[in-house]
Amino acid sequence: MLCDFMLEKSKEYLLKNISLDADTLEFLTHSKNYLSTNFIVKLLSLISIPIYTRLLLPESYGLISIFTSVVTILIILLTISVKGGIFRYFFENKKDFPDFLGTNLIFLALFSSFISVLVWLFGETISGFFKLPQDLLLIAVIVSIGMTFFGIYGILLQAKKESKEYSKITIIQAVLQMVLSIIWVYLLISDKHMGVIYATLLVWLAFFAYSLFKLSKQSKFVLKKSYLWYSMVFGLPLLPHAFGGYILTYFDRVIIGQLTNMAEVGLYSFAYNVGLIMTIIIASISSAWSPMFFEQMNKKNYAKIEDITKKYAKIVFIIALILVLFSREIITVLADIKYHAALEIIPIIILSYVFAFLYGIYLMYSEYRKKTWLISIATIIAAMVNIWLNYLLIPIYGYKIAAYTTFISYVLLFLLHYLTVKVILKENAIRLKVFIPGLVALFILSMLFLTVEKIADNFIILLLVKFLILAIMALVLFKKLREKFFNQISLMRKRLN
């Protein structure tokens with residue numbers, strides 16, 4: 001698997017460049033568990049796409065997407081104030097941690113009840129805003145509460161370095177939800193989207209009960225203001241970043257639902273789910289790269305950071321180009337013909353993820369310097385631009401323009417993080433020119449192919465163009481490898497002489 005491959009590469013790097021100790025080896029072991037889990041969960045989501053798109057109409061697919069977006073925003077509201085604080089307090093090694101955990105769980109239960117009452121009281125307004133039936137809105141509240149408590153339990157498992165247990169229950173949950181959803185959808189004659197929603201509800205009720213049981217065994221249920229204040233001080237400043245991330249990831253679907261219809265939400269959501277391929281790759285690369293980045297920053301080895309990043313960026317650019325070239329074939333495998341209208345926006349979505357990868361590189365400098373408020377500012381600016389562009393352009397150009405507004409937002413986010421690093425933090429950061437040749441090549445070749453695809457809708461011609469582009473890419477790579485090989489031979493001769 002790709003995550004294992006990336007981890008092995010990071011191991012090779014550490015073995016060659018860093019003296020390994022027990023802590024480093026332990027870190028690599030846990031990293032492998034988390035990477036594998038992330039890969040398997042995303043892979044399951046990818047596997048489910050061709051099944052759902054053949055069982056569900058775009059309208060049903062759209063409703064499920066809006067349901068997921070509501071669950072996501074509820075989880076942000078419920079989790080952000082306590083989850084990070086619990087994780088942080090655990091490492092202070094205080095004997096009162098059971099009291100601290102109990103206080104936060106009591107608060108979470110009370111706050112969940114408060115949110116539930118608000119949703120019940122203003123259900124009609126909220127339902128109208130999200131274009132989601134009220135009964136589904138109430139189910140979303142229950143699911144989000146279950147996922148929140150499971151998230152607290154999961155963060156404790158990570159803190160305790162119980163990565164195997166974390167991986168096991170996460171994968172079990174993902175498998176159960178997918179299998180039950182598919183069976184339920186298949187058995188229903190009408191309103192097939194309810195199969196996914198009922199299965200989600202059932203699974204998360206079970207995992208809520210399991211998490212609550214496990215957490216109660218580690219908690220002492222007291223209520224102390226100081227414990228709650230600790231969590232709030234730690235978690236609340238991250239709310240803007242969390243909401244900004246939600247807007248960039250999900251809110252365009254909500255706007256499409258408000259301004260068009262659920263069928264177009266479904267087509268748009270499907271196109272973005274195809275992008276899961278890129279997210280798997282980027283997540284794996286980023287996870288392998290992060291420990292190297294922090295290690296080299298500690299050593300002030302900026303040239304090494306730039307060199308390794310350049311190699312990883314090439315991998316992302318090449319995979320992105322291949323996905324653009326074969327997007328038609330991918331959509332044919334993944335979806336029924338009724339979803340093929342979304343083909344047009346898949347290449348721009350793939351290119352958006354390229355900039356998501358690039359902004360993540362510069363974001364790490366702010367994390368390293370513990371200036372996370374800079375991350376929140378950049379995310380909020382990009383999110384506000386995204387909302388403005390969507391409300392302005394979707395009524396004119398339809399749902400497909402949302403892919404382009406998201407692309408613009410990710411480019412903006414990349415530039416904001418780059419300027420933050422260079423102007424505010426004044427870091428000796430990776431130079432922009434490192435990425436320019438690869439980006440230019442990616443966009444020229446992508447645009448060339450997409451232009452030919454529009455002009456000549458002929459399978460043989462398009463196949464020849466694809467192999468021509470791949471041949472050009474292979475020749476360039478071979479030339480560079482050849483030059484590197486002969487340079488190394490030349491250096492060896494000089495050393496021998």
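**A walk through the helices and the core**

Start by selecting helix 3 (residues 58-79) together with helix 12 (residues 262-274): their axes lie 6 Å apart, and the two helices pack at an angle of about 70 degrees. Because angles of 65 to 115 degrees count as roughly perpendicular, helix 3 is roughly perpendicular to helix 12. Keep in mind as you look around that this is a predicted model.

Next, show the side chains where these two helices meet. On helix 3, pick Pro58, Glu59, Tyr61, Gly62, Leu63, Ser65 and Ile66. On helix 12, the partners are Met262, Ala263, Val265, Gly266, Leu267, Ser269, Phe270 and Asn273. Colour the residues of this contact by type and you will find nine nonpolar, five polar and one charged.

Keep Phe270 selected for the next stop, the largest nonpolar core, which has 155 residues. Phe270 is among the residues with the most contacts inside this core, along with Leu358, Tyr365 and Phe435. Now highlight helix 16 (residues 346-368), which gives the most to the core, with 18 residues.

Zoom in on Leu358. Setting aside neighbours within four places in sequence, Leu358 is in contact with Phe317, Phe414, Phe435 and Leu439.

For the last stop, move to helix 8 (residues 163-187) and select Thr170. Is Thr170 buried or exposed? Its relative accessible area is 11%, and under 20% counts as buried, so Thr170 is buried. Draw a distance from the side chain of Thr170 to the backbone oxygen of Tyr166 and you should read 2.7 Å. Finally, add Thr37, Val41 and Phe150 to the view: Thr170 touches these residues, not counting those up to four places away in sequence.

Definitions and conventions:
Residues are numbered from 1 along each chain as its sequence is written. This is a predicted model: local features need pLDDT of at least 70, side-chain atom pairs count only at pLDDT 80 or more; totals for chains, interfaces and linings use all residues. Side-chain values use heavy atoms; hydrogens and water are left out. Axes are lines fitted to C-alpha atoms, for helices over the stretch in contact, and angles run from 0 to 180 degrees between N-to-C directions. Helices (H or I, at least four residues) and strands (E, at least two) are DSSP runs, numbered from the N terminus. Angles under 35 degrees count as roughly parallel, over 145 as roughly antiparallel, 65 to 115 as roughly perpendicular and the rest as oblique. Contact means heavy atoms within 4.5 Å. Ala, Val, Leu, Ile, Met, Phe, Trp, Tyr, Cys and Pro count as nonpolar, Asp, Glu, Lys and Arg as charged, and the others, Gly among them, as polar. Buried means under 20% relative accessible area, exposed over 50%, partly exposed in between (1.4 Å probe, protein chains only). A polar contact is a pair of N or O atoms within 3.5 Å; within protein, one must be able to donate a hydrogen and the other to accept it, and residues adjacent in sequence count only if both atoms are side-chain atoms. A nonpolar core is a set of buried Ala, Val, Leu, Ile, Met, Phe, Trp, Tyr and Cys residues joined through side-chain atoms within 4.5 Å.
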